[in-house]
Amino acid sequence: MSRPGRAFHYDRVQRGFHWLMAALIVVALALGIYAAWQVPGTSPRREILDIHKSIGLTVLLLLPLRFVYRLVAGEPAYRAPPSRHAHIAATLAHLTLYALMLLLPVSGYVYSAAGGYGLPWFGVFSFPRLVPVDKALSQAGYGAHYWIAWGLGIVLGLHVLAVAWHAWIRRDEVMGRMWPARGDASV
Ligand code: HEM
Ligand code: HEM
């Protein structure tokens with residue numbers, strides 16, 4: 001139930017995490033697909049992959065901060081609460097996105113680390129190699145990375161379609177929870 005004075009949208013920190021990480025993930029997806037089409041070992045595939053890994057590992061570092069903040073801050077109230085089923089479906093979809101946001105960079109890390117490849121962060125430093133160099137492990141990491149990337153692409157597509165449906169067809173408050181109208185974003 002909504003209480004007077006209670007926010008009906010995610011707070012600034014949660015919105016910041018959501019939109020920053022959405023941008024990083026969309027760019028990482030595009031760069032990963034582009035790199036996959038290039039011949040291994042050639043330029044600009046190497047440079048693109050260095051940026052891809054740096055962005056992906058940034059997502060991995062931000063995720064626990066976002067998740068813990070989300071657990072502490074909770075979710076905003078609804079002006080018009082959805083049905084129980086709709087709320088459960090949305091929560092499951094969001095949990096799936098959180099899981100994929102973890103598994104995708106972890107599998108990319110295993111693929112690169114076990115393959116003996118670099119783990120750069122924008123040329124500033126390199127991440128430690130926490131797994132042994134092992135061809136079979138690297139191949140497994142690649143297989144997982146490939147299929148988890150497909151999974152994320154599909155669930156993300158559904159997420160964006162669901163939001164578009166709320167925004168343009170039902171014209172309800174869902175989009176405003178993550179993108180409040182001007183003047184509404186007090187926190
Ligand atoms: C690019 C277009 C995107 C739009 C328009 C969008 C929009 C939204 C909106 C409106 C919500 C609030 C939904 C609600 O309160 O029920 C939301 C939540 C969420 N979105 Fe997105 N989103 C986008 C991209 C992404 C991406 C790329 C990811 C990550 C892969 C993502 C992950 C999430 C998660 C995990 C939540 C739940 C937040 C929470 O409760 O902690 N979104 N999104
Ligand atoms: C948000 C995080 C990430 C996303 C969305 C993502 C997405 C993708 C996608 C879509 C591909 C193309 C897959 C294919 O068609 O073969 C790809 C390839 C790749 N990713 Fe990622 N990735 C992420 C994180 C990482 C990380 C953290 C690393 C390593 C540290 C990494 C290493 C690679 C490599 C090396 C390839 C090239 C595969 C190949 O063609 O051999 N990725 N990634």
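H18 counts as buried, at 14% relative accessibility. In this predicted model, H18 also serves as a donor to a metal. Its NE2 atom and the NE2 atom of H159 are the protein donors of the iron atom of ligand 1. They lie 2.0 Å from the iron. The site of this iron atom has 6 donor atoms and is octahedral. The angles among these donors run from 88 to 179°. H18 belongs to helix α1, which covers residues 12-36, and H159 belongs to helix α4. The pair therefore ties together parts of the sequence that are 141 residues apart. H159 is partly exposed, at a relative accessible area of 21%. That value does not fall under 20%, so H159 is not counted as buried.

A second iron site involves ligand 2. Here the protein donors of the iron atom are H52 and H145. Each contributes NE2, and the donors lie 2.0 Å from the iron. This site is octahedral, with 6 donor atoms. Angles among the donors range from 87 to 179°. H52 sits in helix α2, residues 45-73, whereas H145 sits in helix α4, residues 135-170. The two histidines are 93 residues apart, and the pair links distant parts of the chain. H52 has 15% relative accessibility and counts as buried. H145 has 19% relative accessibility. This is under the 20% limit, so H145 counts as buried as well.

Helix α4 thus recurs in the description of both sites: H159 for the iron atom of ligand 1, and H145 for the iron atom of ligand 2.

Definitions and conventions
Residues numbered from 1 in each chain as written. Chains lettered and ligands numbered in written order. Predicted model: local features only at pLDDT ≥ 70, side-chain atom pairs only at ≥ 80, totals over all residues. Heavy atoms only, no water. Donors = N, O, S within 2.8 Å, 3.2 Å for Na, K, Ca; no water. Tetrahedral: all angles 85-135°; square planar, octahedral: opposite > 155°, others 65-115°. Helix = DSSP H or I, 4+ residues; strand = E, 2+ residues; numbered from the N terminus. Buried < 20%, exposed > 50% of the residue type's maximum accessible area, 1.4 Å probe, protein only.
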